[in-house]
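Biologist: I'd like a close look at one part of this protein, the places where helices pack against each other. Could you walk me through it slowly, as you would for someone in their first year?

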Amino acid sequence: MFCSCSCGLFKKRYVLFFRAAVPLGSAVTHYKQYPPNTSKVYSYFECRERKTDPTKTRKVKYEKTVFYGLQYILHKYLKGKVVTPEKIQEAKEVYREHFQDDVFNEKGWNYILEKYNGHLPIEIKAVPEGSVIPRGNVLFTVESTDQECYWLTNWVETILVQIWYPITVATNSREQKKILAKYLMQTSGNLEGLEYKLHDFGYRGVSSQETAGIGASAHLVNFKGTDTVAGIGVIKKYYGTKDPVPGFSVPAAEHSTITAWGKDHEKDAFEHIIKQFPSVPVSIVSDSYDIYNACEKIWGEDLRTLVEKRSADAPLVVRPDSGNPLDTVLKVLEILGKKFPLIENSKGYKVLPPYIRVIQGDGVDINTLQEIVEGMKEHRWSIENIAFGSGGALLQKLTRDLLNCSFKCSYVVTNGLGVNVFKDPVADPNKRSKKGRLSLHRTQSGDYVTLEEGKGELEEYGVDLLHTVFLNGKIVKTYTFDEVRDNARLKDSEVEELLH
């Protein structure tokens, strides 16, 4: 059972109506609160358009969102028989204690159990996964398909609204891809290697194993580099790909594998590790003691011959992991550029020899990423030289408010009559919600438009981009991860726009 409130009374044994223990609360009583003779409730999800506040400035506007993650939720929590006699009895007992009253809709859940064999009588329509949609448009709708179960639409709100997380990760990741694409084009003239420029370091920085899987899969919509292998499992199980795996990594040192050798043997640690992986890229953290000495003396002199024997397919990747990100990156590049032969590419920017590269994995978020690549450009360094790793900022330092994700009721049927409903708070006009049955369309100019009050049913507006993906307990339309990636890809027109 789901609601928008959390409660501390539940232990893991309370599976209730779906497949995992989840927070419950006031939604339990909503069936008593709708107008008498209500027979349908229809609600929608959107990432509300952010109105400009002249007193606040944001470096990243997030004008478009990447729709991703609904298929995971449907598969894991909503499909099939999710209501059983045991769960009904268990919930009844828990709610009696939780509310100190008999408010549980036992009759309603028994009805679903008996008539639908525990399958949920709702219909969900959604845009294709991976779609890049401007803020303020409907992304999916939910409605009850049985008039006796009108209350079920908003009962499932909380689990469905948790899609805010994969949407936000995928959107934030794609915005960083746009930044990297812009500066990579400007400093190299092509986008070679773009999909490996932002690596997921977030596994240990998230709140749970499930968060790791969902968030990592959302990042992989846009990139192919990850150390959060839980995301690979989510994609293979709930989406599927034509490739054996959707994400890749390389052997990499951590501080323990360096400091275990002792401070006086840092060179020995570097030499041992680089020899262990001669034919694949290897990333070696080099700031355990003095990153600049490591670059100049150890890599640039003591082990230079070993580094030069490596290839473009198996470079040494030097990893600084402390200090001011931009200052550190620039100084590391300058030192390496003096120790190894530089070339100047066709755009006039400096490039290290192909057997050595840098990865910045400390303090990387969308803002510092922008600062670093801008600083590199100013100092005539090509983005070819560097990749980035991001952890908490990529998977954890995000909230539902970043993209204003919300779920609102817009249409009900009461006494046999359809009524368009909405909210319009006087204290915050930005929270005004949409009215009636909704549809999403493309205009002749290619723009997206959400039509309210059932206007999309008129032929003049063309096909509705919302497709039924879930109906009465069954998933009726799915997307492969390859399709998701294709829908979310950076289009040539977007890259051109970034460059002008």
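**Helices side by side, and what lies around them**

Modeller: Let's start with the whole chain: of the contacts between residues at least 6 apart in sequence, 74% link residues at least 24 apart. Keep in mind that this is a predicted model. The protein has 17 helices and 18 strands, and buried residues account for 52% of its 500 residues.

Now for the helix pairs. Two packed helices are described by the angle between their axes and the distance between those axes. Take α6, residues 164-188, and α14, residues 366-378: their axes come within 10 Å and cross at roughly 0 degrees. Angles under 35 degrees count as roughly parallel, so α6 is roughly parallel to α14. On the α6 side, the contact is made by Asn172, Glu175, Gln176, Ile179, Leu180, Tyr183, Gln186 and Thr187. From α14 come Ile366, Leu369, Gln370, Val373, Glu374 and Lys377. Sort the residues of this contact by class and you get 6 nonpolar, 5 polar and 3 charged.

Compare that with α2, residues 85-99, and α3, residues 106-116, which pack at about 170 degrees with their axes 10 Å apart. Anything over 145 degrees counts as roughly antiparallel, so that is the word for α2 and α3. Here Pro85, Ile88 and Lys92 of α2 meet Glu106, Trp109, Asn110 and Leu113 of α3. The classes in this contact are 4 nonpolar, 1 polar and 2 charged.

Trp109 leads us to the inside of the protein. In soluble globular proteins, nonpolar side chains tend to be buried together. The largest nonpolar core in this model has 134 residues, and Trp109 is one of those with the most contacts inside it, along with Phe45, Ile124, Phe140, Leu160 and Ile284. The element that gives the most to this core is α6, with 10 residues.

Zoom in on Leu160. Setting aside neighbours within four places in sequence, Leu160 is in contact with Leu70, Ile73, Leu78, Ile124, Phe140, Val142 and Phe407.

One last stop is Thr65, in strand β2, residues 64-66. Buried means under 20% relative accessible area, so Thr65, at 1%, counts as buried. Not counting residues up to four places away in sequence, Thr65 touches Cys47, Ser131, Val132, Ile133, Arg135, Leu139, Ile167, Thr171 and Leu403.

Terms used: Residues are numbered from 1 along each chain as its sequence is written. This is a predicted model: local features need pLDDT of at least 70, side-chain atom pairs count only at pLDDT 80 or more; totals for chains, interfaces and linings use all residues. Side-chain values use heavy atoms; hydrogens and water are left out. Axes are lines fitted to C-alpha atoms, for helices over the stretch in contact, and angles run from 0 to 180 degrees between N-to-C directions. Helices (H or I, at least four residues) and strands (E, at least two) are DSSP runs, numbered from the N terminus. Angles under 35 degrees count as roughly parallel, over 145 as roughly antiparallel, 65 to 115 as roughly perpendicular and the rest as oblique. Contact means heavy atoms within 4.5 Å. Ala, Val, Leu, Ile, Met, Phe, Trp, Tyr, Cys and Pro count as nonpolar, Asp, Glu, Lys and Arg as charged, and the others, Gly among them, as polar. Buried means under 20% relative accessible area, exposed over 50%, partly exposed in between (1.4 Å probe, protein chains only). A nonpolar core is a set of buried Ala, Val, Leu, Ile, Met, Phe, Trp, Tyr and Cys residues joined through side-chain atoms within 4.5 Å.
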